[in-house]
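Biologist: Could you pick one spot in this thing and look at it closely with me? Start there, then work outwards and show me how the rest hangs together.

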Amino acid sequence: MATDLTQSAEVQVSDLLAAVIALADDHLILGHRLSEWCGHAPMLEEDLALPNMALDMLGQARALYSYAAELEGRGRTEDDIAYLRTDREYRNCLLVERPNGDFAHTMLRQFYFAAFMQPYWQAMTESSDATLSAIAAKAVKEIAYHVRHAGEWVIRLGDGTEESAKRMQAAVDALHPYTDELVADEDVDFAVVPNRAGMRARWEATVGHVFREARLAVPDVAFPLSGGREGRHGEEFGYLLAELQYMQRTYPGLTW
Amino acid sequence: MAARVKADDRAALGWRVAAAVPDPEIPCVTVEDLGILRSVEMEGDAVVARLTPTYAGCPAVLAIELAVETAIREAGFDVRVERVLSPAWSTDWITEEGREKLRAFGITPPAEKRSDNAFFTEIVVACPRCASEKTEKLAAFGSTPCKAHYRCLACAEPFDYFKCL
């Protein structure tokens with residue numbers, strides 16, 4: 001399939017590979033963050049919801065890593081790419097690696113991400129790449145549940161009690177500076193991978209709608225925070241990777 | 001000609017064997033009822049069964065593939081199971097018979113589709129026991145990725161709803 005692509009659409013496979021890995025990394029890392037809530041969520045229903053969404057994200061990540069391994073054609077497997085890279089080799093945006101914080105932080109982070117991925121997956125269903133359009137066709141159905149679930153929590157807490165409103169606004173102030181990187185463009189062929197910047201207006205409309213319902217203010221961001229796409233991550237990311245990779249680092253080649 | 005007919009017969013037998021494999025988490029329905037068994041063909045002497053996942057991250061995917069592979073092998077065939085993603089599975093692939101089996105088992109089959117992001121709106125989900133439409137959602141995410149949890153306000157039965165995807 002990699003050969004067909006280079007010949008027919010003159011796509012630089014290395015650019016496509018980078019975009020697929022960045023997308024897979026976003027899903028693996030945010031999925032891992034969600035899974036950290038398992039057994040710790042504030043109520044049983046959320047203890048089911050968060051790992052459920054994590055599973056969707058791991059499934060999407062897995063399909064993308066598996067395709068990346070195929071594109072790369074160097075004999076690495078999806079697991080090698082997911083588990084055996086160093087922190088600098090991960091290309092996820094900084095938003096998804098932010099620590100869970102309180103429930104408001106977790107739900108807002110999820111809402112920001114899902115509200116962006118919904119139009120992104122929708123656009124990718126039209127990709128000229130058959131594998132990516134097939135992955136997107138599945139993901140676009142799953143993401144609708146994530147937008148609704150996380151969006152409802154942002155509204156419920158933002159327009160809730162004095163304490164919940166204060167916490168949700170604190171989450172907005174802390175996380176909003178990281179959203180710029182989520183919608184920043186990549187250097188790829190837009191017939192294959194959607195133009196991220198092109199999704200910005202739809203993302204802002206969804207966020208604006210929910211924030212009005214939630215009585216939340218969008219902060220002015222003087223200095224957007226970025227770096228993850230270039231492999232520069234925050235301190236907390238090292239701890240996340242240490243847990244994520246523990247088994248394969250400690251017992252190389254271990255299988256179930 | 002004789003060999004060709006024989007191959008078709010073998011493919012048909014392979015389909016029957018594969019189609020009868022139950023879902024490991026919802027054993028009242030088979031892979032055929034769920035619409036995840038896409039094709040069974042002969043390639044040389046081997047049966048090739050193609051399956052598609054329900055949810056991308058469904059942990060049952062591997063178990064289902066293994067169960068289909070085992071069933072076909074036990075029927076005396078060489079077998080290969082392949083995963084296909086396109087066209088994407090949706091709950092529209094569940095057969096009418098599958099929907100009835102789910103209901104009889106106590107799981108309400110998928111109802112109406114929603115494509116917008118209408119927050120805090122609820123769809124009508126009828127109770128699988130008493131058919132009352134007076135029900136309430138307890139949790140949007142249930143015991144498996146494909147289900148939500150509901151309660152009937154008429155007969156008090158708690159039940160699973162197979163979410164529309």
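Modeller: Let's start with A:R215, which sits in the loop between helix 10 (200-214) and helix 11 of chain A. Bear in mind that this is a predicted model. What catches the eye at A:R215 is the backbone: its phi is near 60°, a positive value in a residue other than glycine.

Follow the chain out of that loop and you come to helix 11, residues 235-250 of chain A. Helix 11 of chain A has a kink of about 50°, and the kink is centred on A:L244. What about its end-to-end length? At 1.5 Å a residue, the 16 residues should span 22 Å, and since the end C-alpha atoms are 22 Å apart, the two figures agree.

How far can you trust chain A? Its average pLDDT is 92, and 96% of the residues score at least 70. The stretch to treat with care is residues 5-10 of chain A, where the pLDDT is below 50; beyond near neighbours in sequence, that stretch has 9 contacts in the model. For the model as a whole, ipTM is 0.84 and pTM is 0.91.

Now for where the chains meet. The contact draws on 26 residues from chain A and 18 residues from chain B. On the chain A side, helix 3 (44-72) and helix 7 (130-158) each supply at least two residues. Helix 7 of chain A gives the most, with 15 residues. Sorted by class, the side of chain A that touches chain B has 13 nonpolar, 6 polar and 7 charged residues.

Across the contact is chain B, with an average pLDDT of 90 and 95% of its residues scoring at least 70. The C-alpha atoms of chain B fill a box of roughly 60 × 30 × 25 Å along the principal axes. Chain B has 4 helices and 7 strands, and along the sequence they run α-α-β-β-α-β-α-β-β-β-β.

One piece of that pattern is easy to trace on screen. Strand 2 (residues 46-51) and strand 3 (residues 78-83) of chain B pair in the parallel sense over 6 bridges, with B:R50 standing opposite B:E82 in strand 3 of chain B. To get from strand 2 to strand 3, chain B passes through helix 3 (residues 60-74), and this β-α-β crossover is right-handed.

Between strand 3 and helix 4 (96-105) of chain B there is a loop, and B:P87 is found in it. Have a look at the bond leading into that proline: B:S86 and B:P87 are joined by a cis peptide bond, with omega about -5°.

Further on there is an open sheet in chain B, made of 4 strands in the order 4-7-6-5 with mixed pairing. Strand 4 (107-108) and strand 5 (135-139) of chain B are its edge strands, so called because each pairs on one side only. Strand 4 of chain B runs parallel to strand 7 (residues 158-162) of chain B, joined by 2 bridges. If you want a residue pair to click on there, take B:T108: its bridge partner in strand 7 of chain B is B:Y161.

Methods. Residues numbered from 1 in each chain as written. Chains lettered and ligands numbered in written order. Predicted model: local features only at pLDDT ≥ 70, side-chain atom pairs only at ≥ 80, totals over all residues. Expected span 1.5 Å × (residues − 1). Bend = angle between axes of the 7 residues up to and from the residue. Contact = placed C-beta atoms within 7 Å. Nonpolar A, V, L, I, M, F, W, Y, C, P; charged D, E, K, R; others polar. Pairing = 2+ DSSP bridges. pLDDT = per-residue confidence, 0-100. Right-handed = clockwise from strand over helix to strand, strands pointing away.
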